[in-house]
Amino acid sequence: MSSSSWHGYEVGTTWCEVELEPAEGPDVLLNGVVDPSRFDDLATVLTRCGAGTYTLELYDEDGGLLREMRV
């Protein structure tokens, strides 16, 4: 994990590299690159960390929505 701005952080693994940025209230914006075959793994990690309710969206290279998960 490393700081990416005054309030944000970059976190990553071999299959995921994302930035965590504070949003409104207690919300956090998470965006970055995830191996599409590990999309469910990211949801599992977030749930285990107590992320509460969230929505994950997976987009293709052209910006088209491939998959959405609401937890």
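A disulfide is taken here as a pair of cysteine sulfur atoms within 2.5 Å. In general terms, a disulfide is a covalent bond between the sulfur atoms of two cysteines.

**Entry 1: Cysteines**

I note at the outset that this is a predicted model. I searched the whole structure for disulfides and found zero. I then asked why Cys16 forms no such bond with Cys49. The closest cysteine sulfur to that of Cys16 belongs to Cys49 and lies 11 Å away, which is too far for a bond. Seen from the other side, Cys49 is likewise in no disulfide, as its nearest cysteine sulfur is that of Cys16.

I next looked up the surroundings of each cysteine: is Cys16 buried or exposed? Its relative accessibility is 8%, so Cys16 counts as buried, the cut-off for that class being under 20%. For Cys49 I found a relative accessible area of 64%, and I recorded this residue as exposed, since that class begins over 50%.

**Entry 2: Fold elements**

I turned to the secondary structure and counted one helix and six strands in the protein. In which order do the elements run from the N terminus? I read them as β-β-β-β-α-β-β. The radius of gyration is 12 Å, close to the 11 Å that the globule rule gives for 71 residues, so I consider the protein as compact as a globular protein of that length. Along its principal axes, I recorded a C-alpha trace spanning about 30 × 20 × 20 Å.

**Entry 3: Contacts and surface**

I looked up how the contacts are distributed along the chain. Of the contacts with a separation of 6 or more, 11% are accounted for by residues 24 or more positions apart. Buried residues make up 18% of the 71 residues. The protein exposes about 5500 Å², and I noted that carbon and sulfur atoms supply 52% of this area.

**Entry 4: Charges**

How many positive and negative charges does the protein carry? I recorded 4 positive and 14 negative charges. The mean positions of these two sets are 12 Å apart.

**Entry 5: Arg38**

Finally, I examined a single residue, Arg38. I located Arg38 in the loop between β4 (28–34) and α1 (39–48). With a relative accessible area of 29%, Arg38 is partly exposed. I also looked up its separation from Tyr59, which is 21 residues apart from Arg38 along the chain. The C-alpha atoms of Arg38 and Tyr59 are separated by 14 Å.

Key
Residues are numbered from 1 along each chain as its sequence is written. This is a predicted model: local features need pLDDT of at least 70, side-chain atom pairs count only at pLDDT 80 or more; totals for chains, interfaces and linings use all residues. Side-chain values use heavy atoms; hydrogens and water are left out. Helices (H or I, at least four residues) and strands (E, at least two) are DSSP runs, numbered from the N terminus. The radius of gyration is taken over C-alpha atoms; the globule rule is 2.2 Å times the number of residues to the power 0.38. Buried means under 20% relative accessible area, exposed over 50%, partly exposed in between (1.4 Å probe, protein chains only). Contact means heavy atoms within 4.5 Å. Accessible areas come from the Shrake-Rupley method with a 1.4 Å probe; for residues, only the protein chains shown count as cover. Lys and Arg count as positive and Asp and Glu as negative; His and the chain ends are not counted. The place of a charge is taken as NZ of Lys, CZ of Arg, CG of Asp or CD of Glu.
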